[in-house]
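Subject: Structure handover

Dear colleague,

Here is the structure I promised to pass on. My notes on it follow below the model.

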Amino acid sequence: MTPRRLDALLRAACAAATGLDADGLPAADPRRVPPERPGDYATALPMRLAGPLGRPARDVAADLAAELRTRPHVTAAVVDGPGFVNVSLTAVSRVSLLAAAAEDGMAYLAGAPLAEMTTGPAAAAWAASALDRAETVAAARDWARADARRRIALAAAGVSAAPRPGASPCPARRDPAAPVAAVGEGGWRDPLFGAVDVATEAARLLAVTGEASARVAFCRSLPERPRPGEETGPGLPALPTADAPGLWARHGGGNPAFAVRYAHAHARTTLEVWAPALGLPPAGHPFPAGLDVVADLSAPPAAALVGALFDGPGTLATAARRSEPHILVRYLEGLAAAYHEWRESCDVVLGESGGATASDDARGEVTAARLGACAAVAGVLRAGLSLIGVAAPTRL
């Protein structure tokens, strides 16, 4: 159950419970429920409608919960707090969410495939600036953030996104005639890393950190003008320089750019090495939905990973609405961390969570579903990285 499908389910049920037109209802905006509260996802829709309906929010919530309990995808719906409705979905819904994210990461995040954003009039908004042409690191930071804002707005709205008023102009890539990369994949090699013949302060920084780390560093902090010495984390200067790059110059877990790109490469490598060896399609399809798979995806690390994937579309919408690229960057870091925690909790290939007595068929289904989870994570990380102008390596 993707966030968009759950939103549609909640609004349809609310229309049936209140007699209102579903098309005129506000977004249900489902959010994950904290572990200490009942249910999987919550909506504040009853509180938004209480005023127009002239009814107490909890009464509206009770009617919505009763209607939701009649829907086949819902196992429970309860009123919580001043008028929230917390809904529990069938375990199979986790499988459908993974399948949607694995099929097309950008379409899952934005509701439209990448091709619609990188062709025709939208191509100009998608193009990234050549950061090494900036005279100063501060200017390169402005350009990188403007690139990310345009792409995020483009993805969230599906239309050409204009630069923010007062934003610095960004020159096109070094070869304006070169085609726009469709997916944002690539290798670990950064053409600007280690460059010797550099002419600007920004180019010196890119030679030390590489473009990927610089873009993530530039987009990771909230303030438009960081204070001198400001950091976004231990050893992570908000405005790194060639002389003081911090951990942005290192290929290790302390560098968020490396951590996210490593998670993508790890998921892709796991998928591409083992899926063919086990006779499975490269994307891990079709997703099995047997009891062993449902139980495996209900384990805490797997459930946390599915929850992190669920948050993706809402995070993108929030980043676009606030025009704050750091929201997307922090989300990608969280998804990468959830992937590694899940990966370390199980043997993806052998599917051992079925237990020693599980049949070979059951272990095979669990393995196929886990490889599908790798495909889902890789798809969303690749799409998210491309929105901030960073290529996603495909090999470890």
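One term first: a residue is called buried under 20% relative accessible area, exposed over 50%, and partly exposed in between, with a 1.4 Å probe and protein chains only as cover. By that rule Arg 37 is partly exposed, as its relative accessible area is 38%. This is a predicted model, in which local features need pLDDT of at least 70 and side-chain atom pairs count only at pLDDT 80 or more, while totals for chains, interfaces and linings use all residues. Residues are numbered from 1 along each chain as its sequence is written, and side-chain values use heavy atoms, with hydrogens and water left out.

Overall picture

The protein has 14 helices and eight strands. Both are DSSP runs numbered from the N terminus: helices are H or I with at least four residues, strands are E with at least two. Of its 396 residues, 51% count as buried. The exposed area is about 17000 Å², and carbon and sulfur atoms supply 57% of it; accessible areas come from the Shrake-Rupley method with a 1.4 Å probe, and for residues only the protein chains shown count as cover. Among contacts (heavy atoms within 4.5 Å) with a separation of 6 or more, 67% are between residues 24 or more positions apart.

Salt bridges

A salt bridge here is a side-chain nitrogen of Lys or Arg within 4 Å of a carboxyl oxygen of Asp or Glu. The whole structure holds 18 salt bridges. One of them joins the side chains of Arg 37 and Asp 80, at 2.3 Å from N to O. Arg 37 sits in the loop between β1 and β2 (41-43) and Asp 80 in strand β3 (residues 74-80), so this pair ties together parts that are 43 residues apart in sequence. Unlike the partly exposed Arg 37, Asp 80 is buried, with a relative accessible area of 13%.

Asp 63 and Arg 55 also meet through their side chains in a salt bridge, 2.8 Å from N to O. Asp 63 is partly exposed at 30% relative accessibility, and Arg 55 is partly exposed at 31%. Arg 71 and Glu 67 form another, at 2.8 Å from N to O. Asp 147, Arg 150, Glu 211 and Arg 215 are linked in a network of salt bridges.

Helix α9

Two members of that network, Glu 211 and Arg 215, are among the buried residues of α9. How many residues of helix α9 are buried? Ten of the ten residues (211-220) are, so the helix is largely enclosed by the rest of the structure. The cover over its buried residues includes α7 (137-157), α8 (201-209), β6 (231-233), β7 (236-237), α10 and α13.

Cys 219 belongs to helix α9 and is buried at 0% relative accessibility. Beyond its neighbours within four places in sequence, Cys 219 contacts Ala 144, Arg 145, Ala 148, Pro 325, His 326 and Val 329. Cys 219 and Val 329 are 110 residues apart in sequence, with their C-alpha atoms 7.0 Å apart in space.

Helices α2 and α3

Helix α2 (residues 45-53) packs against helix α3 (residues 57-68) at an angle of about 115°, with the axes 8 Å apart. Axes are lines fitted to C-alpha atoms, for helices over the stretch in contact, and angles run from 0 to 180 degrees between N-to-C directions. From α2, Pro 46, Met 47, Ala 50 and Leu 53 meet Ala 57, Val 60, Ala 61 and Leu 64 of α3.

Individual residues

Thr 2 is in the segment before α1 and is buried, with a relative accessible area of 8%. Leaving aside neighbours within four places in sequence, Thr 2 touches Leu 97, Ala 100, Tyr 108 and Phe 310.

Two residues that are not glycine have a positive phi. Asp 29 has a phi of about 50° and is placed in the loop between α1 (3-18) and β1 (31-32). Asp 29 is partly exposed at 32% relative accessibility. Ser 323 has a phi of about 55° and lies in the loop between α12 (300-322) and α13 (325-345).

Regards
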